[in-house]
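Here are my notes on the two-chain model, set out as numbered points. Please read them with the structure open alongside.

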Amino acid sequence: MRKGWAHSQTCIERHNNMIIDHPLLGPRDAREFVYLGDASLMNRPDWKDENAAEQFYEYLYLRTNTMGEHRELWYHEHGDRSWLVVTRHTLTHEITKVELARDLGLNVGQNK
Amino acid sequence: MRYSGLKIFTEALTGNKGWGPNWRQPTPKDTYDVIIVGAGGHGLATAYYLAKEFDIHDVAVLEKGWLGLGNVGRNTTIIRSNYMLPGNEPFYELSMKLWEGLAQDLNYNVMVSQRGLLNLFHNDPQRDSFIRRGNAMRLAGADAVLLDQDGVRRMYPFFDFDSSRFPIKGGLLQPRGGTARHDAVAWGYARKCDELGVDILQNCEVESFIIEGGICKGVETAKGSIRANKVAVCVAGSSGHVMAMAGLRLPIESHVMQAFVSEALKPVIHGVVTFGAGHFYVSQSDKGGLVFGGDIDGYNSYAQRGNLPVIEDVCEGGMAIMPMIGRARILRAWGGTVDMSMDGSPFIDKTDIERLYFNGGWCYGGFKATPASGWCYAYLLANDKPHEVASKFRLNRFKSGNMIDEKGMGAQPNLH
């Protein structure tokens, strides 16, 4: 706990606001973005599945709500309007990874 | 020990030697009838009503740090019962009635000050919806008064009534709304709990649940394992993290909400004012500081602190209705972690795991609910069925289609 706290202090010193390092556009202020939520929202259930209703209930309403590293969807509304998957720590707000959601989606599609 | 004017008087004459600590520092027993996880306002209120109303005294309240250091000490102290939907309003009105007698009940000055809560409106449709809400409030036994522009002007002549973007056309006033002293609420409940035999175990973080054959039998803590007949989780803000230890996923996201206090000013705002269109609300503390806040930051967080853009946004909201506060300086800013639920309403319910109970999802409005939340949770724990006014706060309401969505925002927690 104490370790995390000390770490968060250095984050504050590094930047006064969350900076999202956009894969195409470089570092951008988080206020250019709109936040949607957990990146699992990309994995929409198949409506043809037998237990589709149950799956959609869990997909829409239940969250893992992680304390720690969290993969989440941000939309660059005041920029290039791309969806990003940002890996961010929910205790320190430190961002460790930013990916284009489109790339991840295509990857999933190609491996199907 | 009973507090009274006479007690203060005699103590003053005898060197103030008769005051003792408000609660003990007990060592945990091996078993309890009920374990409550989280010694915040709601957890302590639950323990208090369990002991006082339902005669269950073998209770422990577990707290990872010191009691009252979470959201009960981080909110902006507003109490109100101005909800609209039938699933909510009777519950919050019960809470308001409990607030009105709380200082006498606890024998502790919780400084309930019913100075009037005013929601501003700026156009006709908004006025219509406020009339509707006011009528719903009155049907549930609460009070509501619709003010026109002159009515608001008489209360707060310094507002920017003719702002071109959000001209103030009137407001919905709840005269019984107001503020309370938030720390005193935690301390008052804790003191009474202790008197009634409840063990408050501080620095006793829950590390896991003891679940045997689908039945919750107790908790493993920093101070060893403690068994119980029933385990009641009451940790709004950290609900996701704590319930994950029991393998449950909830219809909740944790978000950060910030609040602010300005330097002390002369008395100017005598009630509570909310400016919903600009995401700003304000009251003035007895010390003179403007206590204000606005939107949540909007991203998942357990950090208990937020970022600068929201601070700027909130202050802009304040400037929009009260340009005169532009020269006041912010003294303190802080953040708290709130459970944002999928419909903006809370949960007081059993879980799928037998004898494990859950209270949470209070969004940014848990403080005003403290007494009723404790009352209804205690009722649920004692009778194993929900209290009448909390019967809609169920965990499965999204599956059954019985959401209580005051704002009609849908399943997007950061918009509630």
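1. How much area do chain B and chain A bury between them, and what share of it lies on carbon and sulfur atoms? The model is a predicted one, and in it the two chains bury about 2,600 Å² between them, with 50% of this on carbon and sulfur atoms. The size of an interface is often given in this way, as the accessible area lost when the parts come together. In terms of residues, 28 of chain B are in contact with 27 of chain A.

2. As for the polar side of this interface, 16 residue pairs are in polar contact between chain B and chain A, counting pairs in which both residues are at pLDDT 80 or more. The side of chain B that touches chain A receives two or more residues from each of α8 (239-244), β12 (252-264), β15 (289-300), α9 (308-321) and α11 (397-400) of chain B, and β12(B) gives the most, with four residues. Sorted by class, that side of chain B has 13 nonpolar, ten polar and five charged residues.

3. Three salt bridges are found across the interface of chain B and chain A. One salt bridge joins E54(A) to K399(B), with the closest N and O atoms 3.2 Å apart. E54(A) falls within the span of helix α2 of chain A, residues 52-61, and the buried residues of that helix, namely A52(A), Y57(A), Y59(A) and Y61(A), pack against α11 of chain B.

4. T90(A) deserves a look of its own, and it lies in the loop between β5 (83-89) and β6 (95-100) of chain A. Is T90(A) buried or exposed? Its relative accessibility is 0%, and T90(A) therefore counts as buried, the cut-off being under 20%. Leaving aside neighbours within four places in sequence, T90(A) is in contact with T66(A), M67(A), G68(A) and H70(A), and also with N300(B), S301(B), Y302(B) and A303(B). A polar atom of the T90(A) side chain lies 3.0 Å from the backbone oxygen of T66(A).

5. Within chain B, the largest nonpolar core has 53 residues, of which I36(B), L44(B), F91(B), Y189(B) and I348(B) touch the most other members. At least two residues of this core come from each of β1 (31-37), α2 (41-53), β2 (59-62), α3 (89-100), α4 (102-106), α7 (182-195) and α10 (370-383) of chain B, and the largest share, seven residues, is that of α2(B). In soluble globular proteins, nonpolar side chains tend to be buried together.

6. I348(B) can serve as a guide to the surroundings of one core member: not counting residues up to four places away in sequence, I348(B) touches F91(B), F358(B), N359(B), W362(B), S373(B), C376(B), Y377(B), L380(B), A390(B) and F393(B). Apart from the largest core lies another, of 32 residues, with V231(B), V233(B), F347(B) and F398(B) among them.

7. Two backbone conformations in chain B should be checked by eye, given that most residues other than glycine have a negative phi. Q304(B), in the loop between β15 and α9 of chain B, has a positive phi near 60°, and at 33% relative accessibility Q304(B) counts as partly exposed. R355(B), in the loop between β17 (347-350) and β18 (356-360) of chain B, has a positive phi of about 65° although it is not a glycine, and at 34% relative accessibility R355(B) counts as partly exposed.

Notes:
Residues numbered from 1 in each chain as written. Chains lettered and ligands numbered in written order. Predicted model: local features only at pLDDT ≥ 70, side-chain atom pairs only at ≥ 80, totals over all residues. Heavy atoms only, no water. Core = buried A, V, L, I, M, F, W, Y, C linked by side-chain atoms within 4.5 Å. Buried < 20%, exposed > 50% of the residue type's maximum accessible area, 1.4 Å probe, protein only. Contact = heavy atoms within 4.5 Å. Buried area = accessible area lost by both parts, 1.4 Å probe. Salt bridge = Lys/Arg side-chain N within 4 Å of Asp/Glu carboxyl O. Polar contact = N/O pair within 3.5 Å; in protein donor to acceptor, adjacent residues only side chain to side chain. Nonpolar A, V, L, I, M, F, W, Y, C, P; charged D, E, K, R; others polar.
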